[in-house]
Amino acid sequence: MPLDPKHIAEAQKQRLKLKQKVAKVSPGIVNLQVVGSGAPGSPASVYLFSDQTRYLFNCGEGTQRLAYEHKTKLSSLENIFMTRTCWERIGGLPGICLTMQDVGVPSVTLHGPPGLDELFKAMSRFVILKDMKVQAAECRADDLYEDHVMTLKYVAISRDPEQTGANSDEEDKPEETTVDDTDYYAYEKRKKSEPKANLPAAAAKPQRQDWTKRHEASVMAYICKLKHRFGQLSLEKCVERGVPAGPLLGQLKNGNDVTLPDGTVVKSSDVRGPNDPGPVFIFIDIPSEAYLKDLEAKNGAFAPYQSTATDGSDQAMYVVHFSPLEVMRTERYRTFLNKFSASTRHIALNEINKFSGYIASHRIQYHLNQLDKEIFPILKEDNNNYDKLENAATDCDLVRSSSLSYFHIRPRKGIDRTQEAALNPAEYLQELEALPDFKLALDDLRRKIAQLPIQSQTPRSEIFPRILFLGTGSSIPNKTRNVSAILVRTSPDASILLDCGEGTAGQIERLFGVEAAEQIFRSIKAIYISHLHADHHLGLFGLLQTRRKMLGPDSEKVLLLAPEQISYWMRLYDCRFEPLHKEYELVKNAQLIDEPLRDERIHELGLTEIATCRVRHCPHSFGVALKMHPSKKDSDPVKITYSGDTMPCQDLIDLGRDSTVLIHEATMEDELEAEARIKMHSTLSQAISQGRKMNARFTLLTHFSQRYAKIPRIESELDTNLGIAFDNMEVTIDDLPQLCLFYPTLKAMFISHFEEMEQKAIKRGNKKMRLETGSGGSSKEPSPAR
């Protein structure tokens, strides 16, 4: 959850002091750390860090989640360098910026090709940065960025206009689309004393937007050279020459010659080790062969750091390649690689790597898999196999990596894989064996499940619908719960996605594996977006692009059911960054309130009706109900209702009346009802009550606060029709009766987390009691605000 503004201000103050202290000193430790390896389902991003400051190169979807999981500190990050303005490279910016704001970063500068400022400005409606300034640097060709750590040169590489490829997309029909000025967080700014009111869209005058087509025409490479650093001062040599303790040592350390009291001159070079002239490392991203012609033309910018370098110290130590593997395997790209010295290591951050680095999601899935192997299937990805190459002829000199691979630049220690993210299933299962009550709880669970009546003789693989939770957390991703996304599979060949938070496409690729994921992306015929908060729709671009990449440019359009206001965001990206309008057909959620969708567009989905209602959250928030025929004969029709984000809402109860399944947000614990009211969310008990009031057969809780990311705290046993959702959990209607039985075993599995939540609840109760005691009992009187 966002931190207190007082904490943010204090953190910013401490940062400024530290920055001023080290501003004139070239750092002694500088490393490259792989955050995301570019493997299927993960971003390609690199963290350059020293003992003083940090830099991030590229920030695709999932970067914040990986940084959080692997404890990559963001508090000293002030510059983010993007090689491209496509979503694949910048889709994680909103999440990373929100996290940076919480740790006290006062400002961040974005570097890269033109358009970054325009894109981030468009995001400002649903990415609120009150305490951090984001600005885009003007990166002209051959310009330099320079600070006390390094000098960085921008090299712009342009696409050959004769090879436009996908960007030759025909012009869209002109639309009268204006800027969406809705304040999606206005409800959090209202004072408690103000009367409650409806939250209309902002009434500002519409702004005009430049809808001129301007797709990606150039990418940016970066040539980095560390600042010169004097060799380490030898105290032994200083003593031999009679240098006394004190300020003279500091002058020698900083490279200055000194004169002793007896007139002896001591040269700094005589009492220090060898100087470090500053290693060179390069970042390059060539998205297609259309850029190779200009790469060859711009080779002069790279020549001083290739094998022809006049000084051996200028030969590049590392070249980090974000380029796709198919481009790197071309003869022209290989020619570029071969111009570097044999000592240069080429790090490939693309599909040559196989493991995404998300260890925590695998760990918890192995744990949950012990409860039920079909409801909680093991994820379909493996560790990198460094002993095997798919194409030895072209890939033999490429360095593969995973999250937490380190490449030491200063001092020159080479490659360090000791902390590299890798799967260890045996360790995860041993963790369960060490829990005191887990085995007894698991045996008890299996005994109770065995006593349940058999629901069906139909093989589970043939039962539909199936509800697959791809993201069950709120606000921003954490290591065990991604943000909102639910895939409802109505048949093997058809599905609808309910919300699409950041990283949804990656969740699909990791769960099913790359080959099987293609069929899942093909099956997605419709995507429903409940509202325009970032955690519910920022994975949409990535999913549409992954789908097009897998299925080809002629894949059928997806039916996009969303608030009308999403059209501005979609059209801006389509016009100014990458073509998207061929990928979807927009249906406005508001139209489905009075006229539910029943036409042939949803028949292929296996649905008979899609209806919506407005819910009590930010402006333009909706709930949805899906009606469908079941796959089993002689079964009742199925109705699935999804709340999106909302406070308790009568319209949602009416919409979901007699649902087979209600999927309802349960963001807050019951003790935090006042905070839930301010943020217009539901507590656990309120979500359960909503299910009872609409007479839902089963209620599944999701969208949990990061305060209880592993398991929500419910004091009593779960009702027989209640279940708790987890990421990568897939259920059929027949599975639902057993979900309520899981909770005691889950408590035993997450016992340390559960006890921590209990302690926090006790502290909150004690604090509330002290406040009530201090008020002289006046709190018992009804509040005027009520």
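Among contacts in the protein between residues at least 6 apart in sequence, what percentage join residues at least 24 apart? In this predicted model, the figure is 72%. The protein has 786 residues, for which a compact globule would have a radius of gyration near 28 Å; the value found is 29 Å, which agrees. Along the principal axes, the C-alpha atoms fill a box of roughly 95 × 75 × 60 Å. Of the 786 residues, 57% count as buried. The accessible surface comes to about 34,500 Å², and carbon and sulfur atoms account for 50% of it. The secondary structure consists of 28 helices and 30 strands.

One open sheet contains eight strands in the order S6-S5-S4-S3-S2-S1-S16-S17, and its pairing is mixed. Its edges are formed by strand S6 (133-136) and strand S17 (414-416), each of which pairs on one side only. From one strand to the next, the twist averages 20 degrees. Within this sheet, strand S3 (residues 54-57) and strand S4 (residues 77-81) are parallel and are paired over four bridges. Phe57 has Phe81 as its bridge partner in S4. Helix H4 (residues 93-102) packs on the sheet, where it touches S4, strand S5 (107-111) and S6. The direction of H4 makes about 170 degrees with that of S4.

A further open sheet is made of six strands, ordered S24-S25-S26-S27-S28-S29, again with mixed pairing. Strand S24 (607-614) and strand S29 (722-724) stand at the edges; each has a single partner strand, so one side of each lacks a neighbour in the sheet. Neighbouring strands are turned by 15 degrees against each other on average, direction ignored.

The pairing in the six-stranded sheet can be followed strand by strand. S24 and S25 are joined in the antiparallel sense over seven bridges, and Thr612 has Val624 as its bridge partner in S25. Strand S25 (residues 622-628) is mostly covered, six of its seven residues being buried. S25 also runs antiparallel to S26, to which five bridges join it; here the partner of Ala625 in S26 is Thr641. The sense changes at the following pair: strand S26 (residues 638-642) and strand S27 (residues 661-665) are parallel, with three bridges. Among the residues of this pair, Ile640 is bridged to Val661 in S27. Helix H25 (residues 684-693) lies across S27, strand S28 (698-702) and S29, and runs at about 155 degrees to S27.

Two further sites concern burial. In helix H18 (residues 514-523), the buried residues are Ala517, Ile520, Phe521 and Ser523. Seen down the axis of H18, these residues fall within an arc of 155 degrees, so they line one face of the helix. Their cover includes strand S19 (485-491), strand S20 (494-500) and strand S21 (524-528), together with helix H17 (504-512) and helix H20 (540-551).

The other site is Thr732, located in strand S30 (residues 729-732). Thr732 has a relative accessible area of 1% and is therefore buried, the cut-off for this class being under 20%. When neighbours within four places in sequence are left aside, Thr732 is in contact with Arg460, Ile463, Pro465 and Arg466.

Technical notes:
Residues are numbered from 1 along each chain as its sequence is written. This is a predicted model: local features need pLDDT of at least 70, side-chain atom pairs count only at pLDDT 80 or more; totals for chains, interfaces and linings use all residues. Side-chain values use heavy atoms; hydrogens and water are left out. Two strands pair if DSSP finds at least two bridges between them. Helices (H or I, at least four residues) and strands (E, at least two) are DSSP runs, numbered from the N terminus. Axes are lines fitted to C-alpha atoms, for helices over the stretch in contact, and angles run from 0 to 180 degrees between N-to-C directions. Contact means heavy atoms within 4.5 Å. Buried means under 20% relative accessible area, exposed over 50%, partly exposed in between (1.4 Å probe, protein chains only). The arc is that of the directions from the helix axis to the C-beta atoms. The radius of gyration is taken over C-alpha atoms; the globule rule is 2.2 Å times the number of residues to the power 0.38. Accessible areas come from the Shrake-Rupley method with a 1.4 Å probe; for residues, only the protein chains shown count as cover.
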